[in-house]
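This report looks at a ligand site and at a pair of packed helices. The structure comes first, and the description follows.

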Amino acid sequence: MKKNDNNKLIDNTAEDEFNLEKMEKETEEMLKLRFLTKENSVFARTEGGFVSLKIGDEFYKRVLVYRVFPFTNPEGYISIREPDEKAKEIGIIKDLRNDVTKETREMLEEQMRLRYFTPVIEKIIDIKDEYGFAYFDVVTDHGPCRFTIHMGGSSVVYLSDTRLMITDLDGNRFEIPDITHLSAHELRKLDLFL
Amino acid sequence: MRGSLVFTALSEENIMDIKKKLPNGVLKFLSGYQVKSEDIITYANTDMTLEGEFARGYIILTQNKLIILRSEPDKSEVYQFKGYGSKNELDIRSEKKWAAKYISIKEIDRLEVIRSISGGVLYYSEKKEGLESGPDIQLASFTNMMIGAVLHIVKLFSILKEKGELTEDSIKMEEKEEYCPKCGSMYPDKERKICPKCMDKKSIFLRILLYFKPFIPKIIIMILCYIVTAGLNLIWPYMSGKILYDKILSQNAEFLESLGIPGINYIIALGLVVLVMFLTRITIQVLGIIQGVMTATIVPKVIMKMKSQVFQTMGELSISFFNSRQTGGLMTRVLRDAERVTGFFIDGIPYLIINIFTIIATAIVMFQMNWKLALAALIFVPIIFTISFKMMPKLWHFYGRRHRAERSMNSRLNDNLTGARVVKAFGQQDSELKRFDKNNQRVRSAEMSLVNFDNKFFALYVIFENIAMIMVWGFGSYLLLNQSHMELGILITFTGYVQQLNGPLDFMSYAFRWFSDSMNSAQRMFEIIDAIPEIREKPDAVRMNTMEGNIELKDVTFGYEPHKPVLKKINLKIEAGKMLGIVGRSGAGKSTLVNLISRLYDPQEGEIYIDGINIKDIAFKDLRRNVAMVSQDTYIFMGTVAENIAYANPEASFDKIVEAAVLASAHDFICKMPEGYDTVIGSAGRNLSGGEKQRISIARAILADPKILILDEATASVDTETEKAIQASINFLVKDRTTISIAHRLSTLRDADRLVVIDNGEITEEGTHNELVEQKGVYYKLKELQTKALAMRGID
Ligand SMILES: Nc1ncnc2c1ncn2[C@@H]1O[C@H](COP(=O)(O)OP(=O)(O)O)[C@@H](O)[C@H]1O
Ligand SMILES: [Mg+2]
């Protein structure tokens with residue numbers, strides 16, 4: 001049998017008696033987005049470094065914070081989810097800038113900082129391409145990094161005409177927000193991928 | 001109950017290992033807190049703070065504590081990720097200031113990792129009185145590079161908690177990374193022990209030479225031909241210059257005497273010279289023909305061997321290899337690469353040898369005739385070669401770039417061809433065209449910069465050749481006028497030689513480019529040949545002519561990406577001849593499970609047995625023959641309907657093919673097509689509907705007559721009526737076979753002997769239909785839902 005989820009106080013487990021009405025309600029719920037605002041929800045920092053959420057009489061000891069459009073709209077459509085594996089959606093914050101308080105916004109951004117950790121490449125020192133792999137030696141906003149990518153696959157992706165996302169062998173991400181800001185010298189190194 | 005934890009003693013060796021790896025500074029720091037190094041079970045590096053900055057840290061599991069060490073973020077330190085760095089420089093400056101957190105293992109209720117995009121966060125919750133545990137508390141954060149080791153600690157912790165002790169086997173973790181023994185740098189892919197840094201262009205070159213090894217005698221003949229040709233090439237200017245002008249036309253009696261021609265007859269001498277010149281030409285032609293014949297026998301064989309090697313590995317490679325690469329025209333690309341490689345070796349290298357030989361021999365002769373003039377003519381040769389060598393990496397780079405641009409254009413093209421209908425349906429032709437144009441421009445700009453570079457290269461050689469000619473004429477005339485022993489014939493011979501050098505030099509300029517292109521192709525080809533298939537047949541694989549069809553899964557854990565399990569500890573037993581139904585919501589892992597049974601992937605943990613034999617030990621041939629799958633995404637390849645049906649058994653008779661099609665209720669629609677069973681279907685051929693494809697794949701399975709049949713939503717894309725027909729053929733098909741059937745519609749699974757419900761990668765319910773209905777679980781809910789939904793719609 002499934003482990004009972006111990007992070008959730010309200011009970012809506014599937015094991016109880018079959019009830020068509022309830023199921024239809026669930027389905028209906030699934031088809032609707034619930035928008036969270038400062039009026040209907042209260043976020044709070046937990047002592048363990050996470051964030052909790054209270055909506056009316058629902059309380060979640062810990063929630064997951066996902067971006068729905070991580071690249072194109074990082075501050076809009078923030079999806080708040082339950083912390084178990086199914087990560088069922090609790091609600092969506094449509095606009096982080098206006099719909100919630102400044103404190104809430106800060107604490108949610110803190111949560112997302114780890115999830116979307118992506119060093120921004122500020123300087124390219126060297127790129128060597130050898131036998132199907134490319135070795136990057138760069139300086140990022142988090143300090144100097146050296147990483148390796150596959151030449152073959154889709155390790156280098158254009159998010160826009162000028163924005164590059166680079167994924168290393170382990171799936172770590174690095175970003176070049178605007179290639180036009182690179183020097184001619186750096187561009188020449190990156191030439192392989194342009 | 002969990003109060004006393006028992007540990008097996010760590011062996012001496014293990015302790016040594018830990019000491020060796022954990023830096024001394026860290027060990028010293030720990031000893032200040034009464035943590036002895038022999039208490040340490042294992043540890044993991046971390047590389048981030050909880051605020052999302054890079055910083056070194058450790059997670060250390062000891063006999064009774066979990067210790068988290070953190071240092072301050074240090075932006076001056078270089079962070080190296082997978083594939084970078086060597087063994088020697090691996091360990092970190094350990095003189096850092098550490099902040100430490102100690103947690104007694106007894107106090108920990110849960111220890112888990114939350115995965116993020118580029119790594120994860122370790123957190124725990126404390127044990128509390130009563131049912132509830134304390135709040136979740138973040139402990140450490142790290143990038144993907146470290147996540148394997150962290151998850152290992154989490155696993156050890158859970159074993160500890162459950163069993164109270166750890167065995168040495170469980171402590172041991174696979175060596176995390178492997179390093180090139182030669183240069184000590186980390187292999188980017190430890191399965192494929194190839195060090196990109198040591199695998200330089202020279203070794204690629206030598207590797208290609210190996211393909212020519214079986215042809216050594218022929219190659220020796222070829223080389224002899226080259227040498228003789230080159231030698232004869234030298235005679236020509238000598239004859240037409242020095243001999244003709246200085247000896248015969250200037251009526252040098254001494255010379256004629258030395259030839260032993262009686263009576264100093266110049267006509268005879270002239271005739272003789274002409275004859276020698278004529279014979280020289282003829283011989284060169286004949287040698288050329290011999291070379292041609294040799295080439296024609298060697299080249300096709302070498303190309304064939306390369307191609308078949310490439311295709312062999314490609315066939316063995318599992319799907320994930322192709323997932324990680326753009327497949328745009330992979331086949332054509334490989335073929336073209338093989339041709340480029342051999343092209344250089346067969347057409348290029350011989351001429352290269354001839355030309356180098358010609359250049360050297362010419363130089364020697366020139367120096368012997370008149371070293372001053374020779375120096376004037378040849379002084380630029382070493383310079384130009386040095387420049388060429390220096391330019392090689394650039395050329396290499398340009399060829400690589402052009403190749404990548406081409407490939408991404410091809411894959412875009414492929415996408416558009418296969419998705420043409422979608423593109424049109426959504427009216428996206430224009431935007432697709434724009435996107436294609438962008439790719440196209442990339443190819444063009446890559447090609448342009450290559451051509452530009454090429455032109456510079458070529459211009460360099462032409463300029464040099466002209467300078468050399470002017471030097472010889474100028475300097476030669478000067479010598480002629482000022483020095484008595486300089487003869488006109490020598491000057492003419494010299495200009496002849498310089499002119500003759502133009503050919504080889506032009507060729508050399510081309511050879512450098514050719515070499516770069518061909519090595520570039522070779523590298524890509526070897527990349528594929530070297531790729532080790534994840535699914536490999538054991539060398540001493542067990543042959544199983546007949547199978548009964550008992551299947552057993554033991555603690556099977558599997559995920560498409562490491563550390564992200566899709567299936568968790570699945571245990572399952574299916575008796576021969578029985579039918580198992582699998583139910584679960586989409587994404588639960590049903591298809592994944594059957595993919596493992598047909599060994600498209602291997603489980604990361606646990607084993608799968610057929611008739612008690614581990615499927616990893618069964619010969620591919622027997623496994624493929626005995627396990628057939630009708631899946632939700634049917635694979636129709638380019639060919640006739642008959643060929644598609646007879647896929648597993650190409651020799652099948654017409655009778656068998658038609659019989660199989662009838663049983664799959666496919667016969668009817670096949671007959672209605674104008675070309676019947678000979679209709680070409682697949683990518684370029686006639687398009688079939690989803691249901692038609694599915695019926696063809698069922699016919700394929702019927703014809704294959706497997707012992708184990710897997711139906712993965714085999715009737716997902718057909719209407720109710722056809723489903724009834726197919727259901728009938730499936731009912732026929734499952735007789736005397738072990739059947740695993742995945743279906744959304746529970747009515748399809750009516751005849752199943754047993755059912756399992758999979759949710760989130762775990763088996764949550766198991767039993768017969770009646771048992772599951774009694775359990776009133778997910779299955780019951782599904783069943784009620786379906787019958788009520790049907791009742792409401794008035795069906796059934
Ligand atoms: N080739 C793949 N690479 C990565 N993830 C995959 C792949 N195939 C399936 N998955 C993921 O594995 C999970 C289980 O998929 P699957 O077994 O196909 O589910 P289903 O029960 O619907 O057949 C899904 O979350 C899916 O996204
Ligand atoms: Mg599926």
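## Polar contacts of ligand 1

In this predicted model, an N or O atom in the side chain of B:Ser591 lies 2.6 Å from an oxygen atom of ligand 1. Backbone atoms take part as well: a backbone N or O atom of B:Gly587 is 2.7 Å from an oxygen atom of the ligand, and a polar backbone atom of B:Gly589 is placed 3.0 Å from an oxygen atom of ligand 1. On its own, ligand 1 has 560 Å² of accessible area, of which the protein covers 61%.

## The surrounding shell

The residues around ligand 1 include the run B:Arg585, B:Ser586, B:Gly587, B:Ala588, B:Gly589, B:Lys590, B:Ser591 and B:Thr592, and they are joined by B:Tyr560, B:Val566 and B:Tyr601. By residue class, this shell divides into 4 nonpolar, 5 polar and 2 charged residues.

## Helices H21 and H22 of chain B

Elsewhere in chain B, helix H21 (residues 690-704) and helix H22 (residues 720-733) have axes that come within 11 Å and cross at roughly 10 degrees. Because angles under 35 degrees count as roughly parallel, H21(B) is roughly parallel to H22(B).

On the H21(B) side of the contact are B:Arg695, B:Ile698, B:Ala701 and B:Ile702, which meet B:Thr722, B:Ile726 and B:Leu733 in H22(B). The residues of this contact between H21(B) and H22(B) divide into 5 nonpolar, 1 polar and 1 charged.

Notes. Residues numbered from 1 in each chain as written. Chains lettered and ligands numbered in written order. Predicted model: local features only at pLDDT ≥ 70, side-chain atom pairs only at ≥ 80, totals over all residues. Heavy atoms only, no water. Near = heavy atom within 4 Å. Polar contact = N/O pair within 3.5 Å; in protein donor to acceptor, adjacent residues only side chain to side chain. Areas by Shrake-Rupley, 256 points an atom, 1.4 Å probe, with all protein chains shown as cover. Nonpolar A, V, L, I, M, F, W, Y, C, P; charged D, E, K, R; others polar. Axes fitted to C-alpha atoms, helices over the stretch in contact; angles between N-to-C directions. Helix = DSSP H or I, 4+ residues; strand = E, 2+ residues; numbered from the N terminus. Parallel < 35°, antiparallel > 145°, perpendicular 65-115°, else oblique. Contact = heavy atoms within 4.5 Å.
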